[in-house]
Amino acid sequence: MKALLLTLMASVAAAGVAVLPLVSYSSGSGLLYGAILHAGPEGVEGPEISVMAYGTARGGQYESFGVRIPVGGGAWFASACHEQLLNHDFFGWGNWGDPDESLEYDRESDVISIGHTRTFGPFEARAGAEARHSSVFDREEGDLWGSLPDRPITNGWTAGPSV
């Protein structure tokens with residue numbers, strides 16, 4: 001059993017697996033807590049996998065999964081994420097973020113992205129396609145919603161190029 005555990009630990013170290021705790025604070029969501037996992041070959045360029053998940057003190061959640069495969073001077077990538085914000089503050093378009101004039105709402109979104117990245121010195125250029133579904137629900141009643149541009153915000157799909 002001890003030899004199996006040592007072999008597993010050596011394999012994980014060679015694969016370059018890192019798990020990092022995530023603790024942060026957001027004025028819109030409160031305390032965030034979770035972890036980031038990143039795996040890829042140690043010291044050489046190769047395929048990488050990343051996973052991130054966190055929750056918020058207000059009951060929100062976020063999960064993402066990404067893959068990156070180096071090719072030549074760039075890399076192909078694919079990612080998917082889900083985000084749910086509960087009791088999030090909406091400040092309206094004309095009140096300059098005044099905390100005395102805010103309403104709460106819940107929002108959920110799902111995003112899928114694919115594309116290619118290329119590095120130019122310290123800069124990275126990224127081009128691809130993205131599809132997104134967003135929905136807003138449990139909006140607190142109030143006049144601030146009337147300050148939004150005249151378009152539906154309850155549920156929507158978008159897709160197209162991303163740069």
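# A walk through an eight-stranded sheet

Strand 5 and strand 6 are joined by 15 bridges and run antiparallel. That is a good place to enter this structure, which is a predicted model. One rung of this pairing links H82 to D110 in strand 6.

Now step onward to strand 7. Strand 6 pairs with strand 7 in the antiparallel sense, over 15 bridges. Look at S109, whose bridge partner in strand 7 is S134. Strands 6 and 7 form a hairpin, with two residues between them. In that turn sits G121, with a positive phi of about 65°.

Keep S134 in view. S134 also has a bridge partner in strand 8, namely G156. Eight bridges hold strand 7 and strand 8 together, and these two strands run antiparallel.

Next, go to the other part of the sheet. Strand 2 covers residues 30–39 and pairs with strand 3 over eight bridges, in the antiparallel sense. Here H38 has S50 of strand 3 as its bridge partner. Strand 3 is also joined to strand 4 by eight bridges, again with an antiparallel run. In this pairing V51 is matched with F65 of strand 4. Strands 3 and 4 make a hairpin with four residues between the strands. Within that hairpin, G59 takes a positive phi near 95°.

Now put the pieces together. What is the order of the strands in the sheet? The eight strands form an open sheet in the order 1-2-3-4-5-6-7-8, and the pairing is antiparallel. Why is one side of strand 1 and of strand 8 left without a neighbour in the sheet? Strand 1 (18–26) and strand 8 (155–162) stand at the edges, and each has a single partner strand, so one side of each has no neighbour there. From one strand to the next, the twist averages 15°.

Backbone pairing is one kind of link. Side chains offer another. Side chains of opposite charge can pair when their charged atoms come close. How many salt bridges does a search of the whole structure find? The search finds three.

Take E124 and R68 to begin with. Their side chains meet in a salt bridge, at 3.4 Å from N to O. E124 lies in strand 7 and R68 in strand 4, so this pair ties together parts that are 56 residues apart in sequence. Are these two residues buried or exposed? E124 is partly exposed, with a relative accessible area of 45%. R68 counts as partly exposed too, at 27% relative accessibility.

Turn to E83 and R107. The side chains of this pair meet in a salt bridge of 3.3 Å, N to O. E83 lies in strand 5, while R107 lies in strand 6 (residues 103–120), so the pair ties together parts 24 residues apart in sequence. This brings us back to the two strands of the opening step. Is E83 buried or exposed? Its relative accessible area is 19%. Buried means under 20%, so E83 is buried. R107, at 23% relative accessibility, counts as partly exposed.

The remaining pair is E130 and R132. Their side chains meet in a salt bridge at 3.0 Å, N to O. E130 is partly exposed, with a relative accessible area of 27%. R132 is partly exposed as well, with a value of 30%.

The last stop is a pocket. About 270 Å³ of space lies in the largest pocket. Which residues come closest to its centre? Of the 17 lining residues, the closest are S50, G66, V67, F77 and S79. Strand 3 (48–56), strand 4 (61–71), strand 5 (74–90) and strand 7 (123–137) are the elements that give two or more residues to this lining. By class, the lining has seven nonpolar, six polar and four charged residues.

One of the residues closest to the pocket centre, S50, deserves a second look. S50 is found in strand 3. You have already seen S50 as the bridge partner of H38. The C-alpha atoms of S50 and L37 are separated by 5.6 Å, and these two residues are 13 residues apart along the chain. At 29% relative accessibility, S50 counts as partly exposed. So S50 takes part in the pairing of strand 3, and S50 also lines the largest pocket.

Methods
Residues are numbered from 1 along each chain as its sequence is written. This is a predicted model: local features need pLDDT of at least 70, side-chain atom pairs count only at pLDDT 80 or more; totals for chains, interfaces and linings use all residues. Side-chain values use heavy atoms; hydrogens and water are left out. On a 1 Å grid over the protein atoms alone, a cavity is a set of points where a 1.4 Å probe fits but cannot get out, and a pocket is an open set with protein on both sides within 12 Å along at least five of seven lines; lining residues have an atom within 4 Å of a point. Grid points are joined across faces, edges and corners, and a volume is the space filled by probe spheres set on the points. Ala, Val, Leu, Ile, Met, Phe, Trp, Tyr, Cys and Pro count as nonpolar, Asp, Glu, Lys and Arg as charged, and the others, Gly among them, as polar. Two strands pair if DSSP finds at least two bridges between them. Axes are lines fitted to C-alpha atoms, for helices over the stretch in contact, and angles run from 0 to 180 degrees between N-to-C directions. A salt bridge is a side-chain nitrogen of Lys or Arg within 4 Å of a carboxyl oxygen of Asp or Glu. Buried means under 20% relative accessible area, exposed over 50%, partly exposed in between (1.4 Å probe, protein chains only).
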